[in-house]
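Here are my notes from going through the model, jotted down as numbered points. Have it open alongside as you read.

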Amino acid sequence: MSEQNTPQNDAAELPQDENSIIAERRSKLDAIRAQGGIAFPNDFRPQHKAAALKEQYGDKTREELEEMNVQVVIAGRMMLRREAGKKAAFAVLQDASGSKADGRIQFYVTTDKTGEAEMEAFRRYDLGDILGMEGTLFKTKTDELTVKVTALRLLTKSLRPLPDKFHGLSDQETKYRQRYVDLIMSEDTRRTFKARTAAMTSIRNFMASNDFMEVETPMLHVIPGGAAAKPFITHHNALDMEMYLRIAPELYLKRLVVGGFDRVFEVNRNFRNEGVSPRHNPEFTMMEFYAAYVEYKWIMDFTEQVIRKAAVDAHGTAVLTYQGKELDLSKPFRRMTIVQAINQYAPHYTNEQLHDAAFIKEELKKFGVKPFSTSGLGALQLALFEETAEAQLWEPTFIIDYPVEVSPLARASDSVAGITERFELFMTGREIANGFSELNDAEDQAARFQAQVAAKDAGDEEAMYYDADFIRALEYGMPPTGGCGIGIDRLMMLITDSPNIRDVILFPHLRREE
């Protein structure tokens, strides 16, 4: 094999037990130490990245590269290797500069250019080892950009073998549990998390450009509030008090609005002690924002802009494909009430039936839903919506005008009794965001909290607690305000076309490993 050829596959290896491979690699590491070598050096400084080299020199001809005499210093993980006779070998280095295609570059090791000692050492290296090298760029006969190595060093010995390159990690749970290996092997996984970072950067930049100030509020709460959810409970030893991992930052962010910060947002974790599913992780990321002197219609418009901009910046377009079906974020998002949604997606119900609490209770039994004894007509309509219409809301849709009884923090409508200025945003049959005009009447809020306490006493574990300090804050006066929380993980599922929330969380929660 001449230097004009390129490797197509890894060097053939006899099947071995993983423990035997690890033992063999440890033996190689022991040999390095026994010979007085530095096992894990930290004095090599790469100056180039594979993606940048490909972008800058990928279109040059062999003759142009030879004339340019481009010197490179690069480091990364060896992913492929093929011998080219007794005195030469081709291999592929992967660094963090791009996807699998852009972040890889071929290198060529020879006895005459690299040196006999380096060539002998190279043959003891294993796939997965991290190498540092210097060399000159050239192109093979097949126009593969390649580094002709003049100096080569082992920087990190990989003691465990990488998965088979053709199949990667075949077990999905192992991909989640050993995300570090999944990232090494999977171009799709690397692309997903780079898209997530791009989307998060877009969101933060967009918020800042609209005069929102990013803040941080407590993760440990004395009273869990801001959402209807079951909290995780912990204990603070020094203060000798029970505390809760936060279920939402809402009440603290609104305290900041009381304090005079008119536009605030936070991107951080929430914790809810609930089920694990393709759409739920007990620890998840939310972006909540609040703006003084606006109402829920403004918040809906702004939420739409945030989501559309994030999709464009991360994906390149607002027209996405999710699980084989188009999802168009470029058009104005639809708006409809709970009853309107039921009428459209479950048209067999009459208007009279949808306003008959007794009928809806009987109907919910067919879906295995048993409402609380305290549930009024609005809560019953919402429960029926969740069973009949929610899963069918594929295109972006704001469901508006939620009942007061299920919206304890939202401002009541001035024109329609029993409803609030609240919305939830749905896409692909799942909730993405929840927002409303904020309730800033301290007396009304106190009464709503009391109703939540009654609901909790009646058996609703997700009902809210009474937060006396938040009431005190409202008594100082909060300006008219609108706010919204966007589920970042669910949004990233859509942007990256990921079917499971664990696909967009670097280290999702799993059962304890046996």
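How many bridges join strand β1 to strand β4, and do the two run parallel or antiparallel? Keep in mind throughout that this is a predicted model.

1. On that opening question: β1 (residues 71–83) and β4 (residues 130–139) are joined by 7 bridges, and the strands run antiparallel. If you want a spot to check the register, look at A75, which sits opposite G132 in β4.

2. β1 has another partner in β2 (residues 88–94), and this pairing is antiparallel over 6 bridges. Here R77 of the pair has Q94 in β2 as its bridge partner. The two strands make a hairpin with 4 residues between them, and G85 takes a positive phi near 95° there.

3. Moving along from β4, its pairing with β5 is antiparallel and covers 10 bridges. L131 is found opposite L154 in β5. This is also a hairpin, with 5 residues between the strands. Its turn holds D143, whose phi is positive at about 65°.

4. Which way does β3 run relative to β5, parallel or antiparallel? Parallel: β3 (residues 104–110) and β5 (residues 145–156) are joined by 3 bridges. To find your place in this pairing, use F107, which stands opposite V147 in β5. So that you have the strand order to hand, β5 pairs with β4 and with β3, while β4 also pairs with β1 and β1 with β2.

5. Now the helices. α11 (residues 338–345) packs against α14 (residues 377–388) at an angle of about 35°, the axes being 9 Å apart. The crossing is left-handed. From α11, the residues in the contact are I338, V339, A341, I342 and Y345. They meet Q381, L382, L384, F385 and T388 of α14. By class, that contact comes to 8 nonpolar residues, 2 polar and no charged.

6. Last, a site to look at: UniProt, in an unreviewed entry, marks E431 as "binding site". The residue belongs to strand β17 (residues 430–437). Is E431 buried or exposed? Neither label fits, because its relative accessible area is 28%, which makes E431 partly exposed. Leaving aside residues up to four places away in sequence, E431 touches E424, L425, F426 and R490.

Key
Residues are numbered from 1 along each chain as its sequence is written. This is a predicted model: local features need pLDDT of at least 70, side-chain atom pairs count only at pLDDT 80 or more; totals for chains, interfaces and linings use all residues. Side-chain values use heavy atoms; hydrogens and water are left out. UniProt positions are given in the numbering used here, feature names are shortened, and annotations may be inferred rather than shown by experiment. Buried means under 20% relative accessible area, exposed over 50%, partly exposed in between (1.4 Å probe, protein chains only). Contact means heavy atoms within 4.5 Å. Axes are lines fitted to C-alpha atoms, for helices over the stretch in contact, and angles run from 0 to 180 degrees between N-to-C directions. A crossing is left-handed if the near helix is turned anticlockwise from the far one by less than a right angle, and right-handed if clockwise. Ala, Val, Leu, Ile, Met, Phe, Trp, Tyr, Cys and Pro count as nonpolar, Asp, Glu, Lys and Arg as charged, and the others, Gly among them, as polar. Two strands pair if DSSP finds at least two bridges between them.
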